[in-house]
Amino acid sequence: MPPPALPLHSGAIDPLRHEARPLKPALDFLERRPRLAAGLAAILAGAAAACGFQPLAFWPLTLLGVAVLAELVVRAPGWRRAFLIGWCFGLGHFTLGNNWIATAFTYQASMPAWLGMIAVFLLSLYLAIYTGLAALGGWLVLRLDGSGKRSGPGAFLLLALAFAPAWIVSEWLRAWVFTGFAWNPLGIALLGGYQSQGLAMAVPWIGTYGLSGLLVLIACLPGLFWRLSRASAGFARWIWPLPALAAFAALAALMILPDRWAARSEGAVRYTLVQPDIRQEFIDDPRYYEGNFVKLAKLSLPRSPGETRVVFWPESGLGDYIRDGYPPFLYRMYTYAGDPVLARERIGRVIGPYAVLMTGAVDLVLKDEEGIAARNSVSMIDGDGNLLASYSKAHLVPYGEYLALRWLLEPLGATRLVPGAMDFWPGPGPRSFDMGRWGKVGVQICYEIIFSGQVVDPHVRPDYIFNPSNDGWFGRWGPPQHLAQARLRAIEEGLPVMRSTTTGISAVIDADGLVRAHVPWHQSGRLDGRIPPPREATPFAIFGNLLPLALAVAFWIVALSVIALRRRGR
């Protein structure tokens, strides 16, 4: 016979309790320190929310992370705790989401690579202020209710209505304070795959920041319906979760299913879009300039004689100085045959007499024949080697293209994150160029494309946007995140985006934000076809970020109305 089972109080080991013993001290420690527990939970929630961004694209984790944040904020006993919870969320969120920035330090020999993650962490300390302000904004409106009851469905509905607009405003502020860093707005997690808009189909009417507010509102639904279920009795207790499940199923369908109703019409302008796969370690080395040019040239030759087309080359791909007027020694050092005219003419021979090339190039700012600054430019060259037009990047990358506070930081050993000691100077802002039979083109160089409402010439609406980029120092996470943001600009403005990069991901994006064709990361290749046509100007193209800000005001009005109704009912 088997021995009789011993009672638990007899000293026998309970396997479940035995396994839990290692965790018990930690759990007891956190239980005695609720502030620390809430902060750690917020950091983990923020990191989970960042998993909804590319390349992971686990968008349900974004909803889960924001839902946890809302629960922590509604339980916060004071405004300081609410702000700190939001700040801790942002710390985890931006540290994981912006990890690609650390890769830049591996291409700058004057700074050790281990500084990369420290720089990401320090940047996150600042960016987290905006998520802290969003949490504080939601909590303060909840405080206006004055009931003191935070556990009921009414209070949580009020938080949701206040939290969403606070997030909209905080992201808008993040995009322009101290020149702005608008990378990875929260709503980008709701952008579907290459052939789907997802919930970003609402962007033409509410903008990217409005989409972020909508995500916050959706993330609050489970908490709201759970509270409604607890407050109900009988069969109604089981009914309330169903709307949340239905909303999640509908959102999943939008995110996964191809966008069947989007137009797939072709435009009139033929294009060749080139991705040479020039790695970052070779792009700034003069020994490789000629080989890099040969890569570009081989991928750009016309398929048939007399082909009329526009050829797109990436940012940083061309080592030549192609503008006239520099001292001769500069051309001898960097330009083919020591002459910018010959350099442009050989480009003309590559693309053919009926084509025009748009390429990233560097223009110098000289004083007494000494370079004092540079401009990150796109130059337009025809088949005869004529320089037709030029655009200079306006929204420069802090610490990438210029060293902010150089007078203070350079003596301390700081430098730019990519090679080069000369700062870039900004251009005048978005411009459209009428290229005749090649259409009206707007140019946004690399980082500029991430700024919602700041990518199109307000006076002349282009037919398409050219977005050359060098993502070679963005690591593995940066390029797909950059592409996703370019897709949002296409949806907002109703304009196709032609995106040529050095190492990927290059793509042809239509006016619905769908990727018609692309060259994958770290592959060389070319794309040929016709540039997709533009749509009529969207509401966002007309009103810009007034739309998401108006949406935020509308949310706050509803929240204040709910407060008035709750007070009247007491």
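**Group meeting: buried charges and a six-stranded sheet**

Okay, let's start with one side chain: arginine 489 is buried, with a relative accessible area of 2%. Keep in mind that this is a predicted model. So who does arginine 489 pair with? Its side chain meets that of glutamate 492 in a salt bridge, 2.9 Å from N to O. The two sit three residues apart in helix H17, so about one helical turn separates them. And glutamate 492 counts as buried too, because its relative accessibility is 0%, under the 20% cut-off. While we're on charges, Glu71, Arg75 and Arg227 are joined into one network by salt bridges that share partners.

Staying in H17, which covers residues 478-493, we also find glutamine 481. Buried or exposed? At 1% relative accessibility, glutamine 481 is buried. Its side chain makes a polar contact of 2.7 Å with the side chain of tryptophan 183. Leaving out residues up to four places away in sequence, glutamine 481 touches several others, among them Phe53, Trp100 and Ile188.

Back to salt bridges; the count for the model is 16. Another one within a helix is glutamate 171 with arginine 174, at 3.9 Å, N to O. Both are in helix H7, residues 153-174, three residues apart, again about one turn. Both are buried.

Now one that reaches further: arginine 346 and aspartate 320 meet in a salt bridge at 3.3 Å, N to O. This pair links distant parts of the chain, 26 residues apart, with arginine 346 in helix H15 and aspartate 320 in the loop between E2 and helix H14. Arginine 346 is buried at 7% relative accessible area, and aspartate 320 is buried at 6%.

H15 takes us to the sheet. It's an open one with six strands, ordered E5-E4-E3-E2-E1-E12, and the pairing is mixed. E5 and E12 are the edge strands; each has a single partner, so one side of each is left without a neighbour in the sheet. On average, neighbouring strands are turned by 30 degrees against each other, direction ignored. Inside the sheet, E2 and E3 run parallel, joined by four bridges, and valine 311 has leucine 357 in E3 as its bridge partner. H15 itself, residues 340-351, lies across E2, E3, E4 and E5, at about 30 degrees to E4.

Zooming out to finish: the chain has 19 helices and 12 strands, and 53% of its 570 residues are buried. Of the contacts with a separation of 6 or more, 70% are between residues 24 or more positions apart.

Methods:
Residues are numbered from 1 along each chain as its sequence is written. This is a predicted model: local features need pLDDT of at least 70, side-chain atom pairs count only at pLDDT 80 or more; totals for chains, interfaces and linings use all residues. Side-chain values use heavy atoms; hydrogens and water are left out. Two strands pair if DSSP finds at least two bridges between them. Axes are lines fitted to C-alpha atoms, for helices over the stretch in contact, and angles run from 0 to 180 degrees between N-to-C directions. Contact means heavy atoms within 4.5 Å. Buried means under 20% relative accessible area, exposed over 50%, partly exposed in between (1.4 Å probe, protein chains only). A polar contact is a pair of N or O atoms within 3.5 Å; within protein, one must be able to donate a hydrogen and the other to accept it, and residues adjacent in sequence count only if both atoms are side-chain atoms. A salt bridge is a side-chain nitrogen of Lys or Arg within 4 Å of a carboxyl oxygen of Asp or Glu.
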